[in-house]
Amino acid sequence: MLYVVSGAAGFVGSNLTDRLLSEGHRVIGVDCFRDYYDPRIKRRNLSRAIARKTFQLLELDLSRDTLEPLEQAIGSRTFIVYHLSAQAGVRKSWGRSFQHYVRDNVQATQRLLEWCKGRENLQNLVYSSSSSVYGNVDSMPMREDTSIPRPYSPYGVTKLAGEHLVHLYGANYGMPWVACRLFTVYGPRQRPDMAFSRFIEAAMEDRPITIFGDGKQARDFTYVGDIVEGFRRVETIKDREVINLGRGERVRLLEVLSALSEILGKHIEVEYVEDQKGDVRDTWASVDKARKLLGWEPEVDIFEGLAGQVEWTKTLSKAKSRSVSG
Ligand SMILES: NC(=O)c1ccc[n+]([C@@H]2O[C@H](COP(=O)([O-])OP(=O)(O)OC[C@H]3O[C@@H](n4cnc5c(N)ncnc54)[C@H](O)[C@@H]3O)[C@@H](O)[C@H]2O)c1
């Protein structure tokens, strides 16, 4: 099968791309290497993929570039789109930078959908949504049939707008789609602005870890390998479903810190700062629907997954110090 992965150079997109390639599929990766974090990290994420003949990279900005190169690369072949490109991150979505969220999460999604509509060779479009669409809910766990999701951050609003766009293109043009609401993803290649990356790096360098709020807030942390497995299963669902992909467990940040301290075998110093606007108190996914429709069961628990991310970070920093000294 031929796949188009938007956001292929990012954290989740590059993990998905590697998985598709390892299964023997062809992948066209689309990314414009935004500098929200160092684009060199994104190039590194794609280093394995780039070495394969079955991978093609299109450096396109979906919010403004012509999609003619995509047209040419696909030709008349059937294909599936995984739409993961986005401006991620809750905290930076306030103020002037909101325009970047509108550009990359709303405008780019609308342009991609315009390009997709009416294409008979499109088998499915998988939209990467977020638990951020839920906001602070009255009853836990968070279920897909929540009547009107009320995001708590500007980022969440743009991800929900993307869901609405996908929905309305499906309703008007008969386009197949499925949307996955991802819950805090972690593991190898995690974005440097995300909590586990910051925690691991600070702890390895014996710097104090900054925690926003009291550390008792909980997240449903989900290992990237489990997310990729969920994505692989979801593409067969064509009847326009919204599906949570989360581990289905609430873990407090303070519990993460004690696990990290055990994994690294050292005491970790914590600095508490004011909680951030837009951060919800807790997230917790109901995964009943994913279990039922996909037969999906997240396999990696927080200790194992965190240890995996620590190992990956260590390997990376060894490679960096070798290249500096070499
Ligand atoms: N990481 C998480 O915990 C998490 C949780 C919920 C939802 N998501 C969603 O999953 C997806 C992937 O997230 P991630 O953490 O891998 O983010 P990421 O920032 O690592 O990857 C996103 C990629 O999209 C690219 N991009 C942005 N705008 C683009 C545009 N206009 N045209 C082409 N490329 C563009 C960026 O350069 C980047 O490489 C996003 O849609 C995000 O909203 C992620």
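**Close-up views of a predicted model**

**View 1. F33 and its backbone.** F33 sits in the loop between β2 (26–30) and α2 (39–45). As in the other views here, the model is a predicted one. Although F33 is not a glycine, its phi is positive, at about 50°. How exposed is F33? F33 has 17 C-beta neighbours inside 10 Å, so it counts as partly exposed; to be called buried, a residue would need 20 or more, and to be called exposed, 12 or fewer.

**View 2. D206, with another positive phi.** Here we move to the loop between α7 (195–204) and β8 (209–212), where D206 is found. D206 is a residue other than glycine, and its phi has a positive value near 55°. Is D206 buried or exposed? Because just 10 other C-beta atoms lie within 10 Å, D206 is exposed.

**View 3. A cis peptide bond before P141.** Follow the backbone from M140 to P141 and you will meet a cis peptide bond. The omega of this bond is near -5°. P141 itself belongs to the loop between β5 and α6.

**View 4. Helix α5 beside helix α6.** Two packed helices are described by the angle between their axes and the distance between the axes. For α5 and α6 (residues 154–173), the axes come within 9 Å and cross at roughly 10°. That makes α5 roughly parallel to α6, since angles under 35 degrees count as such. Which residues of α5 take part in the contact with α6? On the α5 side they are F98, Y101, V102, N105, V106, T109, Q110 and L113. Their partners in α6 are P154, Y155, T158, K159, A161, G162, L165, V166 and Y169. By residue type, this contact of α5 with α6 divides into 11 nonpolar, five polar and one charged.

**View 5. The shell around the ligand.** There are 31 residues around the ligand. Which of them come nearest? They are G7, G10, F11, A86 and S130. Several elements each supply at least two residues of the shell: α1 (11–22), α5 (98–116) and β5 (122–130). The largest share, three residues, comes from α1. Helix α5, which meets α6 in View 4, is thus also a contributor to the ligand shell. As for chemical character, the shell residues comprise 14 nonpolar, 10 polar and seven charged.

Note on methods
Residues numbered from 1 in each chain as written. Predicted model: local features only at pLDDT ≥ 70, side-chain atom pairs only at ≥ 80, totals over all residues. Near = placed C-beta within 6 Å. Nonpolar A, V, L, I, M, F, W, Y, C, P; charged D, E, K, R; others polar. Axes fitted to C-alpha atoms, helices over the stretch in contact; angles between N-to-C directions. Parallel < 35°, antiparallel > 145°, perpendicular 65-115°, else oblique. Contact = placed C-beta atoms within 7 Å.
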